[in-house]
Amino acid sequence: MYACLHSANEASGPPLRELANSFSSQVEQTSENTVVFSILPLRKLIGSPYQIASEISREGNERRLRANLAIASNPDSAVLLARHFPGVTLTTKALERERLGLLPLSALFSVADRVAPSLLNVLDHWGLKTIEELAILPENGVVERFGETGVYLRNLARGEVHRPLYLSPAPVPYEEHLQLEHSLELLEPLLFLFGRVLTKLCDRLRSQSQAARRIVTELNLEDHEPYHFELEFPIVLNDSRTILKLLQLHLERHPPKAPIVAFILRIEPTESRHLQDCMFLPTMPTPEKLHLTLARIAVLVGKENVGTPALLGTHRPDAFEMQALPKLDNDVSFPVDTPSVLHLALRLFRPALPAQVRLVEFAPRNVTAPGVRGKVLQYAGPWKTSGEWWTSTFWCREEWDIALDNGALYRIYQDLQSSSWHIFGVYD
Amino acid sequence: MAKHLLSQSNAFRSPKKDQEPRLTALECSSLRRLFPEGINRGNMLSLQGGFSSGQTAVCQHILSLATAHGEICAVIDLNNSFYPEIALAAGIRLDRVVWIRCQKNVKHALRACDLLLHAGGFGVINLDLCGAHQRELSRVPFSYWYRLSKALKQTPTILLVSEHEGQALSRCQHSLRTTLQVKHWTETGLGDIFTGTEIHIFAEKRPWSMPLSLLLKRG
């Protein structure tokens, strides 16, 4: 036997589920405002279906819920009855089919998800209007015309579809709160407690085949505002030691201002990462270890100085952005197309070196800049480039390639807005 | 008799070389004369030369070969001089490169290199110390290079140290010096165009070998 609770109000989904959970551990959330649960185990505990229905109604009234309740022999019939009959509907097996038969045929299609809605038009053309009219059709004729789908629909109309409940697990909380007896001033004991809590949270993540995408930490401080920070991981993690190390690196850089009296750790879960590595591809750093290593290096050189360069979609010289992690998938096609020609590299001076350039007949003859000084032996240029006049990153300059008497080759440019000269880089 | 038995038996042989796993070397057709079997993994390779000598071009070529095979590489950039646009033109897959800008701090560069080596799994790590003050480089304890070379052993990583002077030279299995030979300019009706250079590469530890001549095209 199954009970179905249905409310016209879509916002009442969670309270309905709570009510169902108080009676059964096997609850199916059929839709936002419909839940179905098994009441068979309640027969020994409460009694007859009538007594069970009374108990559910009483509990619902106490919780001030307005919903329809139906009890039927299978989940789909219970849903149909609860959706279309107000109040409490309690049927016997014989009465169930009679009640269902009164409903319009379209009601059947609201339950039968796997049946194409176009079938309703066909049945309508046949002159079938109610469920009972479909239920009394001969089985062989329905099979000949609609096959397996027709049989399923006919059985549904007769209240003879017995299926298991599609149980959705209750949401697992990924949050832990710890109130400390004594305030903590040092990082080490705090990390010890973090480690204990994170182990618990990561075990919970792994048991649900999930991983952490972000961790939110809230530290309640003595006589201070709570200290709150978030760490977002470029790769999903479910290893407590890695997360702990990242928290440690963050707290070492940004320590709280006062002793800690309580903390909350909250993990935002996501699908865990599954990778099938190939035998014939080169080894790569493990994502967790790489992330941790780059976080450690970021402590040394700054977060903005570590990452993977990505060019921006512009012609502006030296336009790039730093991304968090390199690509770690094995998308290498064989045979590998290896570059055979060597290209001259350009080493940049960041920022470009301000230079003094002496011109003779509009061409550079002498260049003087910090660390660079010489006579221009040969030159090529100028090449005028400009762009992005509509933004603050507007540039307009004339570039030259020059060979100095010190043996090196440079790229210099004149900024046409300020008429100043700069050394952009050296060919190497 | 016992001596004879010992010499015949394989069981008492030293397990040294036979049991060491051999990692596939990085094949480099342009440098085949210097590295006939490719650049061996787990080795430190020093590249020295002044500005415009082509050492950065050689480094970027090796990086491009490694990234083409899908390996993850790293550039530890002391002077923030790596130019991603030119690197892409040289064939480097930028999405496989970790770029660390050390803001002229040699200590940070060496520490970052150490951390990357211990993380493992990198194909090529380019420690670019060009432009570092000689005084600052000479302060680096000699043992540090030993530590790096020790960390490299039995890893699939090649450490490329590029510098103007050879500080890491003694600990490197290979050391190359690049020099600029010819600058190529093409005359057109509207003036000259710089098209590339020709460089020579010397193997420092094999002074009797002939230099390798390479043509570098301007990208």
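Start by selecting Thr217(A): beyond its neighbours within four places in sequence, Thr217(A) is in contact with Phe194(A), Tyr227(A), His228(A), Phe229(A), Leu247(A), Ile264(A) and Leu265(A). Bear in mind as you click around that this is a predicted model.

**Stop 1: around Thr217(A)**

Colour strand E7 of chain A, and you will find Thr217(A) in that strand. Is Thr217(A) buried or exposed? Its relative accessible area is 0%, and buried means under 20%, so Thr217(A) counts as buried.

**Stop 2: a charged network in chain A**

Stay with strand E7 (residues 210-221) of chain A and pick Arg214(A), which belongs to this strand. Now add Glu230(A): the side chains of Arg214(A) and Glu230(A) meet in a salt bridge, 3.6 Å from N to O. This pair links distant parts of the chain, since Glu230(A) sits in strand E8 (residues 227-237) of chain A, 16 residues apart from Arg214(A).

Which of these two partners is buried, and which is partly exposed? Arg214(A) has 18% relative accessibility and therefore counts as buried, while Glu230(A), with a relative accessible area of 42%, is partly exposed.

Next, select Glu232(A), whose side chain also meets that of Arg214(A) in a salt bridge, at 3.2 Å from N to O. Here too the pair links distant parts of the chain: Glu232(A) is in strand E8 of chain A and Arg214(A) in strand E7 of chain A, 18 residues apart.

**Stop 3: Arg350(A) and Asp318(A)**

Move along chain A to Arg350(A), which forms a salt bridge with Asp318(A); their closest N and O atoms are 2.9 Å apart. Arg350(A) is in strand E13 (residues 346-360) of chain A, and Asp318(A) is in the loop between strand E10 (306-311) and strand E11 (320-323). These two residues are 32 residues apart, so this pair, too, links distant parts of the chain. Asp318(A) counts as partly exposed because its relative accessibility is 21%.

Before leaving, go back to Arg214(A) and show its whole group: salt bridges that share partners join Arg213(A), Arg214(A), Glu230(A), Glu232(A) and Glu268(A) into one network. Over all chains, the count comes to 27 salt bridges.

**Stop 4: a patch on the surface**

Switch to a surface view and select Tyr50(A), Val88(A) and Leu90(A), which make a nonpolar surface patch of about 300 Å². You will find Tyr50(A) in helix H3 (residues 49-62) of chain A. Tyr50(A) counts as exposed because its relative accessibility is 59%.

**Stop 5: where the chains meet**

Now show both chains in separate colours. How many residues does each chain bring to the contact? Chain B brings 67 residues and chain A brings 62 residues. The area buried between them is about 5700 Å², and carbon and sulfur atoms give 62% of this area. On the chain B side, select Tyr83(B), Arg101(B) and Trp185(B): these lose the most area to chain A, together 12% of what that side buries.

There are two salt bridges across this interface. To see a salt bridge between the chains, select Asp128(B) and Arg347(A), whose closest N and O atoms are 2.9 Å apart. The interface also has 24 residue pairs in polar contact.

Several elements of chain B each supply at least two residues to the side that touches chain A, including helix H3 (55-68), helix H5 (106-119) and strand E6 (174-188). Finish by highlighting H3(B), which gives the largest share of that side, nine residues.

Technical notes. Residues numbered from 1 in each chain as written. Chains lettered and ligands numbered in written order. Predicted model: local features only at pLDDT ≥ 70, side-chain atom pairs only at ≥ 80, totals over all residues. Heavy atoms only, no water. Patch = residues over 30% accessible without salt bridge, like charges linked within 9 Å, V, L, I, M, F, W, Y side chains within 5 Å. Areas by Shrake-Rupley, 256 points an atom, 1.4 Å probe, with all protein chains shown as cover. Salt bridge = Lys/Arg side-chain N within 4 Å of Asp/Glu carboxyl O. Helix = DSSP H or I, 4+ residues; strand = E, 2+ residues; numbered from the N terminus. Buried < 20%, exposed > 50% of the residue type's maximum accessible area, 1.4 Å probe, protein only. Contact = heavy atoms within 4.5 Å. Buried area = accessible area lost by both parts, 1.4 Å probe. Polar contact = N/O pair within 3.5 Å; in protein donor to acceptor, adjacent residues only side chain to side chain.
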